[in-house]
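Student: I am new to this structure and would like to go through it slowly, with each term explained as it comes up. Could you show it to me?

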Amino acid sequence: MNAIISASELASDLAGGQPPVVLDVRWQHEGAMRSAYLEGHLPSAVFVDLEADVTGEAGARGRHPLPDLDHFGAVMRAAGVSPERDVVVYDTGQNWAAARLWWMLRWTGHTSVRVLDGGIALWTGSLEKGEGGAPAEGSFVPAPNGTDVLDADSAAALARSGLLLDARAGERYRGEVEPIDSVAGHIPGAVSAPTTENVTEDGRFKPAAELADRFKALGASGTSSASGTSEIGVYCGSGVSGAHEVLALAVAGIPAALYVGSWSEWSADPERPVATGPDPQ
């Protein structure tokens, strides 16, 4: 299944006999955008709070660590998510938060999840206002796999043995600026690959072939190791925009793992090395 869905395809699916569960996870750095949801959301969409439901409490593991899986599962079931039913997630045109929820659902065992390409900004159909009716309880129970997630040690190892992509802006990778974390720079061996270069001006992903060429030029082989683990990993500032890059890789047909703690976890440990400049080192 394709990892993304167009607005026209989603409109058709919603009008069909087995419409997908639609999750609105609009978010900005200042917090969840519930007010925007109440002002207008896609038909039948259920609001999900990124920081309350999809990520854990900020701390030593980073700003957006993994959530409590029992809580995550309960929120997904309350939203109507079941293993046998398609799910579509969206946010604003940026779709970073939607990608993180897509990744969480895929990592915890749901096999039919897509992101609305371009987000609500490209939706031309009608919108609903207010909370909307409560959906029927779903049956999804998270069952995480061990191949799609990295910790600090496995990310460091992958930067040397495979390919670790840094999805942040180039100036943050080079250590020229750091607007959020206390240390500037990148994980030694990581390759700069800003996720903003994966999309067009309207927020939609570039064609799969174009994305595949981009990632292959950065060193992506598109294969997995003999153990089944990915030879490609991604990190960002806190594991949100990095999920968007994992999604872009999926569109290109290239499997990748996510270092969830990302730079916010790595840079908080003074024992971990830091590289600066344009080269991986």
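What follows is a set of questions and answers on the fold, one helix and some pairs of charged side chains.

Tutor: This is a predicted model, in which local features need pLDDT of at least 70 and side-chain atom pairs count only at pLDDT 80 or more, while totals for chains, interfaces and linings use all residues. Residues are numbered from 1 along each chain as its sequence is written, and side-chain values use heavy atoms, with hydrogens and water left out.

Student: How many helices and strands does the protein have?

Tutor: Helices (H or I, at least four residues) and strands (E, at least two) are DSSP runs, numbered from the N terminus. Counted in this way, the protein has ten helices and twelve strands.

Student: What is the radius of gyration of the protein?

Tutor: The radius is taken over C-alpha atoms, and the globule rule used for comparison is 2.2 Å times the number of residues to the power 0.38. For 281 residues that rule gives 19 Å, and the protein comes close to this, so it is as compact as a globular protein of that length. Its radius of gyration is 18 Å.

Student: How many residues of helix 5 are buried?

Tutor: Buried means under 20% relative accessible area, exposed over 50%, and partly exposed in between, with a 1.4 Å probe and protein chains only. Helix 5 covers residues 96-107, and its buried residues include Trp96, Arg100, Leu101 and Trp107. The helix is mostly covered, and of its twelve residues the number buried is eleven.

Student: Which element gives the most to the largest nonpolar core?

Tutor: A nonpolar core is a set of buried Ala, Val, Leu, Ile, Met, Phe, Trp, Tyr and Cys residues joined through side-chain atoms within 4.5 Å. The largest one has 56 residues, of which Leu23, Met76, Leu101 and Leu105 touch the most other members. The element that gives the most to this core, with ten residues, is helix 5.

Student: Which residues does Ala99 touch, not counting residues up to four places away in sequence?

Tutor: Ala99 lies in helix 5, and at 0% relative accessibility it counts as buried. Contact means heavy atoms within 4.5 Å. By that rule, and with the sequence neighbours left out, Ala99 touches Val115, Ala243, His244 and Leu247.

Student: Which residue meets Asp153 in a salt bridge?

Tutor: A salt bridge is a side-chain nitrogen of Lys or Arg within 4 Å of a carboxyl oxygen of Asp or Glu, and a search of the whole structure finds 15 of them. The side chain of Asp153 meets its partner at 2.9 Å, N to O, and that partner is Arg272. Asp153 lies in helix 6 (residues 152-161) and Arg272 in the segment after helix 10 (262-266), so the pair ties together parts that are 119 residues apart in sequence. With a relative accessible area of 23%, the partly exposed member is Arg272.

Student: Are Arg26 and Asp24, which also meet in a salt bridge, buried or exposed?

Tutor: The side chains of Arg26 and Asp24 meet at 2.7 Å, N to O. Both Arg26 and Asp24 are buried.

Student: Which residues are linked with Glu178 and Arg168 in a network of salt bridges?

Tutor: The side chains of Glu178 and Arg168 themselves meet in a salt bridge at 3.5 Å, N to O. Glu178 is buried, and so is Arg168. Linked with them in the network are Arg63, Asp166, Arg172 and Asp181.

Notes. Expected span 1.5 Å × (residues − 1).
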